[in-house]
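Welcome! Take a moment to look over the sequence and the fold, and then let us walk through some features together.

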Amino acid sequence: MKSKTLSFQLSIFESLAELPKAEQELINHALKARENAYAPYSDFKVGAAILLENNQVVIGSNQENASYPSGLCAERVAVFQAGAKYPGIPILKIAIVASSDKTPNRKPAAPCGNCRQSIFEYENRQEKPIELLLMGGEGPIYKCHSVKDILPLAFGSDSLEQ
Ligand code: THU
């Protein structure tokens, strides 16, 4: 029997001001996107902003539904939109801001399992890491270097090969 420890490094920034300008701007895009979240059932609003290699920014926000499972998370709205609008253009970073209007100063919320899997598909295809910037109502901001870091032993297209 062998055992292996899987770990990853998380960078923690106390406030937006600590981040490079381009990342502050991306988070500001995500904050703006969050304003268009449709979350009447959970009251938990999420905004996502993707920076593509061609410098375009694509945004998403969570869109809920009276039939709860029919709604979609902000991250998937954003990555699917990026894939549909800019096919083949690598994703460099995704900023995600999540907060409830009732308790606005939450800690950063990491993407749910389905979103990690969806983002991983893009990371695996482009063979370049996708950086994640996560923020709650305000700082701190968590920076993950790659989706793989938060989805260890990920299932990808290579898992289907015999
Ligand atoms: N939500 C997201 O948009 N992203 C996540 O990664 C987790 C959850 C949304 C889904 C739902 O509209 C609300 O937050 C509460 O779960």
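Leu10 sits in strand β1, which covers residues 10–13. Keep in mind that this is a predicted model. From Leu10 we can move on to the sheet, then to its strand β5, and then to the helices.

**Leu10 and its surroundings**
- Is Leu10 buried, partly exposed or exposed? Leu10 has a relative accessibility of 32%, so it counts as partly exposed, because that class lies between the 20% limit for buried and the 50% limit for exposed.
- Together with Phe8 and Ile12, Leu10 makes a nonpolar patch on the surface, about 250 Å² in area.

**The sheet**
- In which order do the 6 strands of the open sheet lie? Reading across, you meet β1-β6-β5-β4-β2-β3, and the pairing is mixed.
- The edges are formed by β1 and β3 (57–61), each of which pairs on one side only.
- On average, neighbouring strands of this sheet are turned by 15 degrees against each other, direction ignored.

**Strand β5 and its partners**
- With β6 (residues 141–144), strand β5 (residues 131–135) pairs in the antiparallel sense, over 4 bridges.
- These two strands, β5 and β6, form a hairpin, and 5 residues lie between them.
- Within this pairing, look for Met135, which stands opposite Ile141 in β6.
- With β4, the picture is parallel: 5 bridges join β4 to β5.
- Here you can find Ile96 standing opposite Leu134 in β5.
- How many of the 5 residues of β5 are buried? The count is 5 of 5, and the strand is mostly covered.
- Which residues of β5 point one way, and which the other way? Glu131, Leu133 and Met135 point one way, while Leu132 and Leu134 point the other way; all are buried.

**Two helices to look at**
- Helix α1 (residues 21–34) lies across several strands of the sheet: β2 (44–52), β3, β4 (91–100), β5 and β6.
- Relative to β4, helix α1 runs at about 45 degrees.
- Helix α3 spans residues 113–126, and Gln126 is part of it.
- Why does Gln126 count as buried? Its relative accessibility is 16%, and buried means under 20%.
- What does Gln126 touch, leaving aside its neighbours within four places in sequence? Gln126 is in contact with Pro90 and Ile91.

Notes:
Residues are numbered from 1 along each chain as its sequence is written. This is a predicted model: local features need pLDDT of at least 70, side-chain atom pairs count only at pLDDT 80 or more; totals for chains, interfaces and linings use all residues. Side-chain values use heavy atoms; hydrogens and water are left out. Patches are made of residues with over 30% relative accessible area and no salt bridge: like charges are joined within 9 Å, nonpolar side chains (Val, Leu, Ile, Met, Phe, Trp, Tyr) within 5 Å. Accessible areas come from the Shrake-Rupley method with a 1.4 Å probe; for residues, only the protein chains shown count as cover. A salt bridge is a side-chain nitrogen of Lys or Arg within 4 Å of a carboxyl oxygen of Asp or Glu. Buried means under 20% relative accessible area, exposed over 50%, partly exposed in between (1.4 Å probe, protein chains only). Two strands pair if DSSP finds at least two bridges between them. Axes are lines fitted to C-alpha atoms, for helices over the stretch in contact, and angles run from 0 to 180 degrees between N-to-C directions. Contact means heavy atoms within 4.5 Å.
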